[in-house]
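Hi,

Here is the structure I promised to pass on. Have a look at it first, and then read my notes below.

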Amino acid sequence: MSRRPYVAANWKMNKTASEADEFLDAFLPTQTADGAEVVLCPPWLALQRVAERCAGTPVRVAAQNMFYEDSGAFTGEVSAPMLLDIGVDGAILGHSERRQFFGETDEALARKVPKAIEAGLEPILCVGETQAERESNDTESVLSHQVLTDLAEIHTDDLAKVVIAYEPVWAIGTGLTATPDQAQESCEFIRNLLRSRDPHKAEQVRILYGGSVKPGNAEELLALPDIDGALVGGAALDPADFGAIVAAAPAE
Ligand code: PEP
C-alpha cells in the first residue's frame with residue numbers, strides 16, 4: 001500500500017503574520033504538486049493570512065488546536081466552522097505542549113478528533129511518551145491509551161482520514177532524535193493498534209514522526225517502512241531547512 005508522504009510544519013507560537021509572509025515569499029515558489037503533501041500550521045493570528053496565500057497552491061494549512069463545540073461560551077477557543085470559513089484544511093490535535101502546559105486530555109481529544117472529521121478538517125493527532133514513561137517501559141501502554149481513547153469515537157470508515165504524529169516528548173525541541181529503530185518500532189506499534197480497528201484502513205493511515213527532525217536526519221527517518229512523513233517544529237521556521245526536509249521525503 002503506498003501512502004503519500006506528508007510533511008507538516010508546526011510553527012508553535014512563532015511568526016507574526018508579516019514574518020509568515022516572508023516565509024511564504026521564499027517557500028511557496030519552491031513547492032510543486034509532486035512529492036510530499038505539505039502542510040503549514042501557523043499560530044492563530046497568521047492563520048488567515050497563510051490560508052489566503054496558500055489557496056490555489058499545493059501547500060495546505062492547518063491550525064494548531066481546535067475546540068469540539070461549534071460556538072458558545074468558550075472564551076479563548078476556536079471552532080471547526082471558524083477554521084473552515086477562512087480556508088483552513090486541518091488541525092493539529094493533542095500536541096504534547098497542549099497536553100503538558102494547557103491541560104489537554106484524551107477525553108477532550110476523543111471529542112475533538114470526530115468533530116474535526118465531521119466538519120471536513122483533517123486531524124493531525126499527536127501521541128507520544130515522556131522520558132520517564134520510556135524509562136519505565138511504559139511507551140506501549142501510553143501509546144495504546146492515547147491512540148485508542150483519542151480515536152474511540154470515530155467511525156472505522158473514517159480511520160484513514162486521521163493523520164497520526166508519533167512524537168516522543170523527550171525528543172521535541174530538545175535536539176534529541178529517536179533513533180531510527182525507536183521511531184520505526186513505535187510507529188509500527190501504532191499501526192498495529194490501528195489494524196485492530198480495521199486492517200485495511202490501517203494501511204492507509206499516514207503516521208508521521210516528530211521530534212527534532214532536521215535536514216540532516218530527515219531522509220533516514222522518512223525512509224522507514226511505517227513512517228510516512230514528519231511533523232517538524234524548530235527546523236520548519238526556516239524556509240530552506242523546511243524545504244530540504246520536504247525534499248527528503250521519498251517518492252510515493
Ligand atoms: C513539534 O513541535 O511537533 C516538534 C516535533 O518540534 P521539534 O521539531 O522542534 O522537535
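**Strands first, then the surface**

Gly 90 stands opposite Glu 122 in S5. Keep in mind as you look around that this is a predicted model.

That pair belongs to a longer contact: strand S4 (residues 90-93) runs parallel to S5, and the two are joined over 4 bridges. On the S6 side, S5 pairs in the parallel sense with strand S6 (residues 163-166), again over 4 bridges. If you want a spot to zoom in on there, try Cys 126, whose bridge partner in S6 is Ala 165.

So how many residues of S5 are buried? For this strand (residues 122-127) the count is 6 of 6, which makes S5 mostly covered. In a regular strand, side chains alternate between the two faces of the sheet. You can follow the two directions in S5: Glu 122, Ile 124 and Cys 126 point one way, while Pro 123, Leu 125 and Val 127 point the other way, and all are buried.

Now for the surface. Which residues gather in a patch of negative charge there? They are Glu 140, Asp 181, Glu 185 and Glu 188. Helix H8 (residues 180-197) supplies the largest share of this negative patch, with 3 residues.

Asp 181 is a good one to click on, and it lies in helix H8. Is Asp 181 buried or exposed? Asp 181 counts as exposed because its relative accessibility is 64%, and the cut-off for exposed is over 50%.

Cheers

Definitions and conventions
Residues numbered from 1 in each chain as written. Predicted model: local features only at pLDDT ≥ 70, side-chain atom pairs only at ≥ 80, totals over all residues. Heavy atoms only, no water. Patch = residues over 30% accessible without salt bridge, like charges linked within 9 Å, V, L, I, M, F, W, Y side chains within 5 Å. Areas by Shrake-Rupley, 256 points an atom, 1.4 Å probe, with all protein chains shown as cover. Salt bridge = Lys/Arg side-chain N within 4 Å of Asp/Glu carboxyl O. Lys, Arg positive; Asp, Glu negative; His and termini not counted. Charge placed at Lys NZ, Arg CZ, Asp CG, Glu CD. Buried < 20%, exposed > 50% of the residue type's maximum accessible area, 1.4 Å probe, protein only. Pairing = 2+ DSSP bridges.
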